[in-house]
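Trainee: Could you walk me through the labels people put on a model like this one? I'd like to see how each gets justified.

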Amino acid sequence: MARKIAIIGGGIAGLSAGCYGRMNGYQTEIFEMHTVAGGVCTGWTRKGFTFDGCLHFLVGTSPGNRMRRIWDELGALDGTRIHDHEVFCDIVLPGGRKLTQYSDVDRLVAHLKEAVAPPARDRKRLDHLASDVKLWSGLNGRMGGARPPAQKPGIRGLLSRMRGMWKIRRYLPMFRRHGGSIQQYAAGYRHPDLRAFFELALPIDGMPAMSLLMLASVQNDKAGGWPEGGSLGLARAIWRRYTDLGGVIHFSAKVQEIVVRDGKAVGVRLSDGTVHDADEVISAADGRATLFGMLSGRYMTPGLQEVYSTLPLYEPFVQVSYGLNRLIPISELPRLRTIRPSAPVEIGGEKAGLLMLNNYSFDPTMAPAGKTVLSVLYQSPWAGWEKLQEDKAAYAARKARVLSDTTTWLETLFPGIAADIEATDVATPLTTVHFTGNHKGSYEGWRPTVATMRMKIEKRIPTLAHFAMIGQWTRPAAGLPTVAEDGRLIIQELCAQDGKAFVSGTPPARKDRGAA
Ligand SMILES: Cc1cc2nc3c(=O)[nH]c(=O)nc-3n(C[C@H](O)[C@H](O)[C@H](O)COP(=O)(O)OP(=O)(O)OC[C@H]3O[C@@H](n4cnc5c(N)ncnc54)[C@H](O)[C@@H]3O)c2cc1C
């Protein structure tokens with residue numbers, strides 16, 4: 001009789017574990033509290049427009065990238081057109097100067113040198129950026145980069161470390177140049193516009209500069225494109241792969257408790273009181289809800305205590321989406337524009353110092369012909385939303401104000417645009433919590449810092465057998481590739497425990513995915 005795995009959460013991590021579980025002959029049941037699968041990798045439709053709530057770029061869209069194999073096995077990209085953009089983003093500095101973040105790093109460097117005319121030291125720094133981005137490309141294929149060699153004790157350990165250092169020696173200057181935060185990296189430029197440009201290229205507090213290198217090299221290699229259909233298309237494709245493999249998914253099935261007997265996870269209890277037995281329980285849901293809610297805080301290790309009391313979260317976003325009866329081609333507004341206005345913009349009673357505009361007009365599945373979906377995102381502290389949780393009227397009033405203030409601001413960029421609005425939507429940090437349960441609306445779990453970037457968070461608890469955690473709460477700097485890979489790794493681990501060879505494969509070609 002095949003062993004039974006209960007998977008909590010039907011986001012990309014849970015779906016991936018489900019797919020690989022089925023490929024390896026396990027009985028799998030996913031329990032998802034929402035009515036659709038995908039978790040934060042999602043989109044929603046309004047009056048014929050699709051508003052995407054997640055994806056900017058998907059690492060692994062090119063054939064040579066190691067992640068591509070996982071996306072293929074998950075049936076995520078089959079028959080899907082990939083859009084790689086010449087301009088990844090344009091960045092508007094305070095005062096209005098616009099600099100372009102070209103995907104091609106040589107073009108980016110040439111553009112910055114020409115546009116800013118920086119001093120010699122900055123020019124050299126930019127040249128290093130170009131060579132480091134290309135060097136990083138060698139690591140991209142491996143995703144997760146150069147993993148340190150396993151530590152061995154004594155003289156053998158020393159020799160093994162020396163061998164490891166020798167192997168990665170050509171990367172060392174690159175690691176040194178990008179070893180700090182993005183803010184520290186930006187501060188290394190003398191020209192104020194270059195400092196501002198690099199800060200805005202990755203506008204997240206304390207974010208490692210290495211992430212910029214990763215992002216820029218993925219773009220330079222055309223290895224991180226946009227799959228047509230966006231987040232919703234991607235999630236639906238993997239969901240379909242899971243059900244085609246015979247996997248079971250229960251919707252509106254909120255797990256309240258992980259049932260434990262004699263130190264072993266033996267099933268899940270749902271909020272409706274029903275109990276579902278299992279031989280293994282994998283939680284791919286919010287980490288805090290899993291450990292402190294479903295397991296009542298009884299299985300915390302010192303390491304997990306430390307993580308849950310010290311690691312920073314991503315500040316959540318407010319996303320205002322528009323379906324417009326006008327075409328805004330990406331030659332006019334690129335896929336992404338980041339704007340630091342000279343003075344913060346007042347939105348919904350808050351001051352937004354940084355705004356991001358997404359233009360989806362390049363993807364014909366997002367809007368009817370001749371029309372455009374635009375979204376405006378800004379970071380908004382959780383505290384301001386938390387207090388509205390119990391006050392529906394105040395929440396609705398704040399959302400209405402957010403919409404009207406954002407529209408007023410948009411009018412300053414695109415005069416007359418208000419008359420073209422056909423559909424709107426405001427998604428707040430409370431929306432994220434409501435639909436995905438992610439703590440304080442954090443969209444990617446733990447915010448990485450230089451100190452935590454390569455940290456691995458325990459996925460297993462020594463005192464609780466037959467239980468594991470996967471997904472974006474099990475490492476800082478998560479993202480779609482890492483959580484999809486998590487699903488594969490956990491099933492590989494189970495196969496090894498069960499003494500059987502892990503198998504995987506790709507689904508038969510399917511050409512109709514765009515119409516999903
Ligand atoms: C705005 C935004 C932009 C992003 N951009 C990118 C990008 O460009 N590239 C990239 O790679 N990544 C990006 N990410 C990150 C990426 O989408 C996430 O890291 C990834 O989708 C997380 O997947 P997950 O399965 O680990 O978690 P989730 O998606 O959070 O899934 C968890 C699931 O568990 C369910 N759940 C929670 N509690 C329970 C319960 N008690 N019972 C049953 N079900 C439960 C939830 O409903 C949810 O479906 C972005 C995310 C956001 C929000």
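Mentor: Sure, we'll take the labels one at a time. First the ground rules: this is a predicted model, with residues numbered from 1 along each chain as its sequence is written, and side-chain values use heavy atoms, with hydrogens and water left out. Local features need pLDDT of at least 70 and side-chain atom pairs count only at pLDDT 80 or more, while totals for chains, interfaces and linings use all residues.

Trainee: How do you know which residues surround the ligand?

Mentor: A residue is near a molecule if one of its heavy atoms lies within 4 Å of it. In this model 33 residues surround the ligand, and the closest are Glu-32, Cys-54, His-56, Asn-438 and Leu-480. That shell splits into 19 nonpolar, 11 polar and 3 charged residues; here Ala, Val, Leu, Ile, Met, Phe, Trp, Tyr, Cys and Pro count as nonpolar, Asp, Glu, Lys and Arg as charged, and the others, Gly among them, as polar.

Trainee: Which helices supply at least two residues of that shell?

Mentor: α1 (12-23), α15 (429-436) and α16 (480-497) do, and α16 gives the largest share, 3 residues. Helices are DSSP runs of H or I with at least four residues, strands are runs of E with at least two, and both are numbered from the N terminus.

Trainee: What makes the pair between Glu-32 and the ligand a polar contact?

Mentor: The cut-off is a pair of N or O atoms within 3.5 Å. A polar side-chain atom of Glu-32 sits 2.6 Å from a ligand oxygen, so the pair meets that limit. Val-255 uses a backbone N or O atom, 2.9 Å from a ligand nitrogen. For Glu-444, a side-chain N or O atom is 3.4 Å from a nitrogen atom of the ligand. The protein also covers 95% of the 1,000 Å² of accessible area that the ligand has on its own (Shrake-Rupley method, 1.4 Å probe).

Trainee: Why is Pro-227 called buried?

Mentor: Buried means under 20% relative accessible area, exposed over 50%, and partly exposed in between (1.4 Å probe, protein chains only). Pro-227 has 0% relative accessibility, so it counts as buried; it lies in strand β9 (residues 224-227). Ala-427, in strand β21, has 10%, so it counts as buried too.

Trainee: And what makes Ser-296 partly exposed?

Mentor: Its relative accessible area is 45%, so Ser-296 falls in the in-between class. Ser-296 is in the loop between α11 (287-294) and α12 (302-310), and has a positive phi of about 50° although it is not a glycine. Most residues other than glycine have a negative phi. Lys-440 also has a positive phi, near 50°, and is partly exposed at 36%.

Trainee: Why is the largest nonpolar core said to lie between domain 1 and domain 3?

Mentor: A nonpolar core is a set of buried Ala, Val, Leu, Ile, Met, Phe, Trp, Tyr and Cys residues joined through side-chain atoms within 4.5 Å. The largest one has 50 residues, of which Ile-12, Trp-71 and Ile-238 touch the most other members. Elements supplying at least two of its residues include α1, α10 (230-244) and β21 (421-427). Domain 1 (4-38 + 66-80 + 229-311 + 447-506) and domain 3 (317-427) both contribute residues, so the core lies between them. The bounds come from an automatic or database domain assignment, and the C-alpha centres of domain 1 and domain 3 are 33 Å apart.

Conventions: Polar contact = N/O pair within 3.5 Å; in protein donor to acceptor, adjacent residues only side chain to side chain.
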